[in-house]
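Please load the model in your viewer and keep a selection panel at hand, since this tour moves from one selection to the next and says what is there.

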Amino acid sequence: MATVPGALIWEIVKKNNAFLVKEFGNGTAKVQFSKESNNLFNCHSYKHSGLANTKTVTISGGKDNSVVLATTKTRKQNKPRSILHKSVMKKEFRRMAKAVTNQVGDNYYRPDLKSAALARLSAVHRSLQVVKSGVKKRNRQSSRIRGRK
């Protein structure tokens with residue numbers, strides 16, 4: 001089976017697809033987002049598209065406060081079930097950031113997505129944090145006595 005080039009796929013899907021979300025920004029300016037699973041920034045562009053690129057990176061939350069780093073295999077593009085290589089990370093944040101940097105940037109996989117992958121890792125890690133319940137700190141500014149001016 002012959003594979004279709006990514007530029008051709010992008011020309012077909014860039015105007016209209018199921019993942020495209022069009023919203024109005026300031027005034028009449030349109031802002032376009034994408035809900036693709038392999039899109040790190042969720043912006044509608046060829047660089048970040050998970051449909052048009054053969055090498056994509058996905059970072060999502062997993063079970064038990066873990067983070068899943070998934071990259072696509074370049075040789076199995078016609079087999080959707082086995083296209084992703086998933087790595088589950090349960091380490092502290094600095095070790096996970098080092099692993100993402102090594103996997104995405106230093107291995108020449110997609111060095112242009114290194115900062116986007118680190119930003120997504122930070123957001124996913126922050127969302128998995130459990131807020132500790134305890135004694136609330138009182139607001140010190142409201143209890144101060146104001147003097148004369």
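**The enclosed space**

The largest cavity has a volume of about 30 Å³, and the structure holds one cavity of 30 Å³ or more. A cavity here is a set of points, on a 1 Å grid over the protein atoms alone, where a 1.4 Å probe fits but cannot get out; grid points are joined across faces, edges and corners, and a volume is the space filled by probe spheres set on the points. This is a predicted model, in which local features need pLDDT of at least 70 and side-chain atom pairs count only at pLDDT 80 or more, while totals for chains, interfaces and linings use all residues. Residues are numbered from 1 along each chain as its sequence is written, and side-chain values use heavy atoms, with hydrogens and water left out.

Which residues line the largest cavity? Select Asn38, Lys47, His48, Ser49, Asn53, Lys55, Thr56, Val57, Arg110 and Leu113, which form its lining, a lining residue being one that has an atom within 4 Å of a point. Coloured by class, this lining divides into two nonpolar, five polar and three charged residues, where Ala, Val, Leu, Ile, Met, Phe, Trp, Tyr, Cys and Pro count as nonpolar, Asp, Glu, Lys and Arg as charged, and the others, Gly among them, as polar.

**The open pocket**

Turn next to the largest pocket, whose volume is about 480 Å³; a pocket is an open set of points with protein on both sides within 12 Å along at least five of seven lines. Its lining comprises 21 residues, and to centre the view you can select Ile9, Leu51, Asn53, Gln77 and Ile83, which lie nearest its centre. By class, the pocket lining has nine nonpolar, ten polar and two charged residues.

**Salt bridges**

How many salt bridges does the count come to? There are three, each defined as a side-chain nitrogen of Lys or Arg within 4 Å of a carboxyl oxygen of Asp or Glu. Select aspartate 112 together with arginine 110, whose side chains meet in a salt bridge at 3.1 Å, N to O. Arginine 110, which also appears in the lining of the largest cavity, is buried at a relative accessible area of 10%, whereas aspartate 112 is partly exposed at 37%; buried means under 20% relative accessible area, exposed over 50%, and partly exposed in between, with a 1.4 Å probe and protein chains only.

Glutamate 11 and lysine 14 make another pair, with their side chains in a salt bridge at 3.4 Å, N to O. Glutamate 11 is partly exposed, with a relative accessible area of 47%, and lysine 14 is partly exposed as well, at 29%. In the pair of arginine 95 and glutamate 92, the closest N and O atoms are 3.8 Å apart, and arginine 95 counts as exposed at 51% relative accessibility.

**A surface patch and the loop after helix 1**

Show the surface of Val4, Leu8 and Ile12, which make a nonpolar patch of about 290 Å². Leucine 8 lies in helix 1 (residues 6-13), and at 46% relative accessibility leucine 8 counts as partly exposed. Helices (H or I, at least four residues) and strands (E, at least two) are DSSP runs, numbered from the N terminus.

Follow the chain to the loop between helix 1 and strand 1 (20-24), where alanine 18 is found and is exposed at 73% relative accessibility. Phenylalanine 19 lies in the loop between helix 1 and strand 1 and counts as partly exposed at 33%; its C-alpha is 4.9 Å from that of lysine 35, although the two residues are 16 apart in sequence. Serine 34, in strand 2 (residues 30-34), is buried at 3% relative accessible area, and its C-alpha is 9.3 Å from that of asparagine 17, 17 residues away in sequence.

**Two positive phi values**

Most residues other than glycine have a negative phi. Finish by selecting aspartate 64, which has a positive phi of about 55° although it is not a glycine, and asparagine 65, where phi is also positive at about 55°. Aspartate 64 is found in the loop between strand 3 (57-61) and strand 4 (67-72) and is exposed at 67% relative accessible area. Asparagine 65 has its place in the loop between strand 3 and strand 4, and is exposed at 51%.

Methods:
Patch = residues over 30% accessible without salt bridge, like charges linked within 9 Å, V, L, I, M, F, W, Y side chains within 5 Å. Areas by Shrake-Rupley, 256 points an atom, 1.4 Å probe, with all protein chains shown as cover.
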